Amino acid sequence: MRCRILSATLLLAGCGGPLSTLAPSGPVAAEIAWLWWAMLAGAGVITLFVLGLLALAFGRPRETSTRRWTHGLGLWFSLGVLTLLLGAGLVVGERILPRDDGAVTVRAHAFQWGWSFTHEGADGAPVESAGLMHIPAGQPVDILITSEDVIHSFWVPRLAGKMDAIPGRTNRLRLIADSPGVYAGLCAEFCGRGHAGMRFDVQAHADWPPENWPPEPERGRQ
Amino acid sequence: MKWLWWVLAGPTLWAVVFVAVYSAHGAVCAPIPGPEGLTTGARLLLIGIWILGVVAFWPLLRAVPTGTGRAARLPRWGAWIGFFATVFTLFPVVFTTSC
Amino acid sequence: MTDTTASPSEAQAAPADLPRNPPQRALPLNRELAGVWANDRGIWGQITSVSHTTLGLRFMATALVFFAIGGILAMLIRAQLATPDGAFLDTELYNQIFTMHGSIMMFLFAIPMLEGLGIWLLPKMLGTRDMAFPRLTALGYWCYLFGGLIMLTALLFGVAPRDGWFMYTPLSSSAYSPGINADVWLLGVTFVEISAVAAAVEITVTILRQRAPGMKLTEMPLFAWYMLGTSAMMLVGFPPLIAASVLLELERAFDWPFFDPLRGGDPLLWQHLFWLFGHPEVYIIFLPAAGALSTIIPVMCRTRILGYGAIVAAVLGLVFLSFGLWVHHMFTVGIPHMALAFFSAASVLVAVPTAVQVFAWIGTMWKGRPELHLPMYHILGFFLTFVLGGLTGVMLAIVPFNWQAHDTAFVTAHLHYVLIGGFVFPMMAAITYWMPLVTGKARVRGVGEAAFWVILIGFHGTFFVMHLTGLLGMPRRIDVYPDNPEWIWLNLTSSFFGFVMTIGFAMFALDMLLQVTLGTRARRDPWRAPTLDWAMPLPAPSFNFSSLPTARHLDRPASEVMLELACGDGALPGAPRGQREFLVTSVGAARPDHVAHLPGNTSLPFALSSSIGVFVLLVLWQLYLLAGMALVPVAVLIWVWGRGLAPRGPLQPIEIAPGVTLPVHHQARQSLGQSGLVAFLVANAALFASVLFGLAFLSVVTQGPAPPPAMIDTSRIAWATGLIAGAQLLGMALSRGGAPVWAALGLCANAVALIALLAGIVPVLDDPTAHARDALRAAMAAYVGLHLLVACGMAAFVLDQYRRGEITEQIRGAWAPWRLWQDFTSITTLVTILALIAQKGGA
């Protein structure tokens, strides 16, 4: 909603789109989007303030206190704003981290140039899929991200931030989809000739684990 | 020339404390695979290094000389820069998820 | 008007000034100096020139040519992205083009541009006649040019690097980047970086030891503080990149697996080392630009800078803090949140010193009366652009937001705001401000202002919307986006305005061209500035000052000072001994210490950099045996270089002012050469520390496969190690001697250590291709071996000086440099031994 209003005023085409970080579909992405709008507002105010001071400089020379500029504005004003912002960033960061809370895990394995996913099937046996990842809707999912060859990066912008796939390491990323549906994902780290086409989809299911593997693609689509 | 060493003292002390806490964190976290973190003891160790670093600025702030000229107080400012940086850049050691 | 700019500095005891020299006629004095300082004639004169004015301008001109080339590449990128299915470039070529765009702008434009500005301007501003090491300036230039040409040639032949300008492994490893593309980057950039280290060394020494007598460190022009910060950062910041490049090249050439996770290496080691360089690099680029702003803004506002001390403190803070931010380029690699938080906090904190400067500049404008000359336009462009870029930078320092925005067009937008706002706009201000000093001509009105507006509109049109493009999910470095119609209008807008911006830059170039060709004669000191760079005729003569400014010439209207200096009022007037001379002063109070005699025009720098170039090309063609042989001419030329420092003729003390007599640098206790070597060893220590960091990182953090059991014959290693350690301790003692026999024994001690290394340790080292641990050991053995070899060479050089009778009671020849090098070598050797023992114990 906020997004619509802002974009309308800015005469922008909109904040939507399948890969938009500004159209979050889960609490992880939503918290970050919230952070963005807050920072945008703050940045806007500060920009106007600084440019206003700059405009006021074009006048008669005037007596002015050195300390007010260097200490008052330069040091304390900026330090205050930044401390506030850093605190907010760290709190949000803590809230969206993966935890040891028994969340569903899905493995995402990147290679030049595509993705394969390994899910835990109903009977505990691993179920693989390529290019389409399945997750439950409405609950936290931890993605265990690995790479076959070079560095890639796993990113589903509407659900969470990105996490690199690095050969020799397993990285963990938490994402949550509010509602069933299909969400677009891509490789964000440049990985060679096929980088632009290294897309995938994430399907969030209402019921988990699905009764039949592979789950039907249409199921749960809003 | 000696004056210049005093200028560098404060920020250098920050760098030393920063490197010490960051490396200690890397070393204690390296064997822990999961997202959850350190034992309380390990965290207390990191906090201890940090506090020690902050306290080390006390003698420095008392000892720094001034000089002459427009940037005469630079050694003192350098010490304050180091102090602020040590407090500010490492305070997350107290509460953030560690490994 | 000048009274505000010329008010005397804060009340304090003025240092005793040098007496005035008797007045002379300006013209003959000028002619005498010009005869000694002029370049040789014609093209050959360009090759042999060691003049800081010639080379500084040439650095900048070459950098601007590379800027134009990088800009053309950017236009190709924008043409490709203007439509979603751009078929303008194929992916392979597109990858080469964006990689080269970034690499050229960073390594072949920004860094050389600031080096050129420093080299050209600092001696003028500090009141001396040249940089500390004129031949090194020339060497740096040729290394830059040849390295840049290698990279450009590769682009023309379609074998340019294509892995992105930060060359992440394993994408840049031989398995995924066969061919020479990545080698071109690694070798070309490292070749170019010789010039960065050279410039950093001489800028540091020049600022600390060549200021006009009485120009105290705490009172020197702010530009010098900024450049001192920059050069210190370059000394510490570039070595990690050089270390990383050498290691990766070793991996590509000889399969030493530093970065291969299957054999105990780690791709993240590359990222750590690269960004350990890469983030300070941003401030290395920004600081000189900020220095130019701090110089120009007060002049444009007819006042003095507000908050001098606070600005110097801000520079100090930036220099240090910027080394604690590098991980914010790696927030998505899976580092624990606590470590991210440290770097997030440091990244946020670094905005404080930046804010202090921005507000000090605005306060200066309040205090004064801003006049809208062309440089001021660009300064306003800077404020608008850089403030926005700084704010998005703070946003990116916030970890969760970074997880979304990282690697998207948002980052592309941010970095262009910071680099164009924080570097290109200030550089345009600097160019338009100092152009009269370069050309001696005044500007043709009109074109410059128009260029500014077109650039400003083009820039913001291109990059402002790009923030949104990134937030809508467009990643960096893709060439097509057929499934994302929502990005089309954004990209088309960016592309359109990108071309507008290009037109603006073309107009800026035209403006400069018009000034050179059609400009009328500029009047002296056109801006009524208080700094010494304007206290000389226009255009600046090769020797800068007919007589050198001293305390009484500082902080006064430049036009007055110029007349006094031109008539020989200052120190060391003319060139009565037919030598290039300037004063060397003490670090803090700038007390005159001695007179330095400089080498004249020589083709040696050209020859040395050419021979290094031959080595680089042979490595590039994988002719490693020949490449090894190509190091022989390099070593010979370095020896010849050292020989060129020998005194010519008997040394007489020189009277620099009535009653003040100083020795020549050969007899000085602390020569410029020694200071320069100390600066170089700081860089060398940073290189060594980078390798040690690699050792610790791979031993502790990397969770790769365990190394194969060491096959080392422990007893043999033990005696060889003991022998090396003993020989090095002896070497340190011997280098403190002072007679030929000590030098001979020192040569022997180093030779024994070298032989023990080569015969005792190298043959029994484990196969370096087996595991990263073994590869690092081999690399460290090579590092130690190289240093021992140089130590042998320096001891031999001292012996040779005795043989030639060049070392006397007063002239200590190469003793001091050898001792410095010997101490460094011995300490690093012992530390290496200890580190390897510790690592063995830990493994």
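This is a chat about helix packing, unusual backbone geometry and a surface patch in a predicted model.

Reader: Let's start with chain C, where I was looking at helices α4 and α5; at what angle do their axes cross?

Author: Helix α4 (residues 52-81) and helix α5 (residues 91-126) of chain C have axes that cross at roughly 155° and come within 7 Å of each other.

Reader: And how does that translate into direction, roughly parallel or roughly antiparallel?

Author: Angles over 145 degrees count as roughly antiparallel, and α4(C) and α5(C) are therefore roughly antiparallel to each other. As for handedness, α4(C) passes α5(C) in a left-handed crossing.

Reader: Which classes of residue make up the contact of α4(C) with α5(C)?

Author: The contact of α4(C) with α5(C) has 27 nonpolar residues, together with eight polar and two charged ones.

Reader: What about α8 and α9 of chain C, how do those pack?

Author: Helix α8 (residues 222-254) and helix α9 (residues 267-300) of chain C pack at an angle of about 160°, and their axes are 8 Å apart. That angle makes α8(C) roughly antiparallel to α9(C), and the crossing of the two is left-handed. In the contact of α8(C) with α9(C), the residues divide into 23 nonpolar, seven polar and one charged.

Reader: Now between chains: how do α3 of chain A and α4 of chain B cross?

Author: The axes of helix α3 (residues 66-96) of chain A and helix α4 (residues 74-90) of chain B cross at roughly 15° and come within 13 Å. That makes α3(A) roughly parallel to α4(B), and their crossing is right-handed.

Reader: Changing topic to the backbone, which residues does the cis peptide bond in chain A join?

Author: The bond from A:Gln112 to A:Trp113 is cis, with omega near -5°, and A:Trp113 lies in the loop between β1 (104-111) and β2 (114-120) of chain A.

Reader: Where does C:Pro539 sit, and what is the peptide bond before it like?

Author: C:Leu538 and C:Pro539 are joined by a cis peptide bond with omega of about -15°, and C:Pro539 lies in the loop between α17 (488-518) and α18 (558-566) of chain C. C:Arg528 also lies in the loop between α17 and α18 of chain C; its phi is near 55°, a positive value in a residue other than glycine.

Reader: Last one, on the surface: which residues make the nonpolar patch in chain C?

Author: C:Trp621, C:Leu623, C:Leu625, C:Leu626 and C:Met629 make a nonpolar surface patch of about 570 Å². Of these residues, C:Met629 is found in helix α20 (residues 624-643) of chain C.

Technical notes
Residues are numbered from 1 along each chain as its sequence is written. Chains are lettered from A and ligands numbered from 1 in the order in which they are written. This is a predicted model: local features need pLDDT of at least 70, side-chain atom pairs count only at pLDDT 80 or more; totals for chains, interfaces and linings use all residues. Side-chain values use heavy atoms; hydrogens and water are left out. Patches are made of residues with over 30% relative accessible area and no salt bridge: like charges are joined within 9 Å, nonpolar side chains (Val, Leu, Ile, Met, Phe, Trp, Tyr) within 5 Å. Accessible areas come from the Shrake-Rupley method with a 1.4 Å probe; for residues, only the protein chains shown count as cover. A salt bridge is a side-chain nitrogen of Lys or Arg within 4 Å of a carboxyl oxygen of Asp or Glu. Helices (H or I, at least four residues) and strands (E, at least two) are DSSP runs, numbered from the N terminus. Axes are lines fitted to C-alpha atoms, for helices over the stretch in contact, and angles run from 0 to 180 degrees between N-to-C directions. Angles under 35 degrees count as roughly parallel, over 145 as roughly antiparallel, 65 to 115 as roughly perpendicular and the rest as oblique. A crossing is left-handed if the near helix is turned anticlockwise from the far one by less than a right angle, and right-handed if clockwise. Ala, Val, Leu, Ile, Met, Phe, Trp, Tyr, Cys and Pro count as nonpolar, Asp, Glu, Lys and Arg as charged, and the others, Gly among them, as polar.
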